[in-house]
Amino acid sequence: VMLVGPSQEHQASSFASPLMVTHSGNVRLDEDGQATISLPASLLLRAVDDSHRYQLTALGAPMPTLHVLTEVRRLHSGQGNQQRRDDTAGFVVGGGLPGRRVSWTVMSELKSS
């Protein structure tokens, strides 16, 4: 680690970062320690494929096995052959404690116009 004092010169660097969109919230986990997070379906059209970045924070108790179980994808409703496309995207959180809350953030890089 290099510490730079007021009398020392330092270089600043800058870079162009891609345009990002951020979605965040809190969710309560179900009896299996999982939760499905819904996002706007337009995210799938606007985001660069596989550009999603996730952050999960356990609230109220440690959850060392908390993780993203399923990455951002289009969500379906119905069962078996009766599935239909919804206008919702989302991801699934797993490995948490049943009934506990999780704070989540997903950032996605947007396609250039």
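These legends accompany several close-up views of one predicted model.

**Figure 1. The whole chain, with 1 helix and 6 strands.**
Let us start with the overall fold of this predicted model. Starting at the N terminus, the order of elements is β-β-α-β-β-β-β. The protein has 113 residues, and 27% of them count as buried. Its accessible surface comes to about 8000 Å², with 48% of that belonging to carbon and sulfur atoms. Among contacts with a separation of 6 or more, 77% are between residues 24 or more positions apart.

**Figure 2. An open sheet of 3 strands, in the order E1-E6-E3.**
The pairing in this sheet is antiparallel. Which strands are at the edges? They are strand E1 (20-28) and strand E3 (53-59), each of which pairs on one side only. From one strand to the next, the twist averages 15°. As a reminder for reading this view, strands of a sheet pair through backbone hydrogen bonds, in either a parallel or an antiparallel way.

**Figure 3. Bridges from E6 to E1 and from E6 to E3.**
Here we zoom in on the two pairings of E6. E1 and E6 run antiparallel and are joined by 9 bridges. On that side, Val21 stands opposite Ser108 of E6. E3 and E6 also run antiparallel, with 7 bridges between them. Two positions are good to look for here: Ala58 stands opposite Val102 in E6, and Leu56 has Trp104 of E6 as its bridge partner.

**Figure 4. The two faces of strand E6.**
What lies on the covered face of E6? Val102, Trp104, Val106 and Ser108 do. The uncovered face carries Arg101, Ser103, Thr105, Met107 and Glu109. Trp104, from the covered face, counts as buried at 8% relative accessibility. Two residues of the covered face appeared in the previous view: Val102 opposite Ala58 and Ser108 opposite Val21.

**Figure 5. An aromatic cluster of Tyr54, Phe91 and Trp104.**
The model has 2 aromatic pairs. One of them joins Phe91 and Trp104 edge-to-face, at 5.7 Å centre to centre with 80° between the planes. Phe91 belongs to strand E5 (residues 84-94) and Trp104 to strand E6 (residues 101-109), so this pair ties together parts 13 residues apart in sequence. Both rings come from buried residues: Phe91 has a relative accessible area of 0%, and Trp104 has 8%. Ring pairs link these two residues with Tyr54 into the cluster.

**Figure 6. Phe91 in the largest nonpolar core.**
The largest nonpolar core has 18 residues, and Leu39, Phe91 and Trp104 are those with the most contacts inside it. Elements giving two or more residues to this core are E1, strand E2 (35-40), E5 and E6. Why does Phe91 count as buried? Its relative accessible area is 0%, and buried means under 20%. Leaving out residues up to four places away in sequence, Phe91 touches Ala35, Thr36, Ile37, Leu39, Tyr54, Leu56, Val68, Thr70, Glu71, Val72, Trp104 and Val106. That list includes Leu39 and Trp104, which share with Phe91 the most contacts inside the core.

**Figure 7. Thr70 beside Phe91 and Val92.**
Thr70 sits in strand E4 (residues 67-77). Is Thr70 buried, partly exposed or exposed? Thr70 is partly exposed, with a relative accessible area of 24%. Apart from neighbours within four places in sequence, Thr70 is in contact with Phe91 and Val92. Thr70 and Gly90 lie 20 residues apart in sequence, and their C-alpha atoms are 8.7 Å apart in space.

**Figure 8. Helix H1 and the loop that follows.**
Leu45 is found in helix H1 and counts as exposed, at 62% relative accessibility. How far apart are the C-alpha atoms of Leu45 and Lys111? The separation is 8.7 Å, for residues 66 positions apart along the chain. Asp50 lies in the loop between helix H1 (42-46) and E3. At 74% relative accessibility, Asp50 counts as exposed. The backbone here deserves a look too: Asp50 has a positive phi of about 55°, although it is not a glycine. For context, most residues other than glycine have a negative phi.

Methods: Residues are numbered from 1 along each chain as its sequence is written. This is a predicted model: local features need pLDDT of at least 70, side-chain atom pairs count only at pLDDT 80 or more; totals for chains, interfaces and linings use all residues. Side-chain values use heavy atoms; hydrogens and water are left out. Helices (H or I, at least four residues) and strands (E, at least two) are DSSP runs, numbered from the N terminus. Buried means under 20% relative accessible area, exposed over 50%, partly exposed in between (1.4 Å probe, protein chains only). Contact means heavy atoms within 4.5 Å. Accessible areas come from the Shrake-Rupley method with a 1.4 Å probe; for residues, only the protein chains shown count as cover. Rings of Phe, Tyr and Trp (its six-membered ring) pair if their centres lie within 6.5 Å; planes under 30 degrees apart count as stacked, over 60 as edge-to-face and the rest as tilted. Two strands pair if DSSP finds at least two bridges between them. Axes are lines fitted to C-alpha atoms, for helices over the stretch in contact, and angles run from 0 to 180 degrees between N-to-C directions. A nonpolar core is a set of buried Ala, Val, Leu, Ile, Met, Phe, Trp, Tyr and Cys residues joined through side-chain atoms within 4.5 Å.
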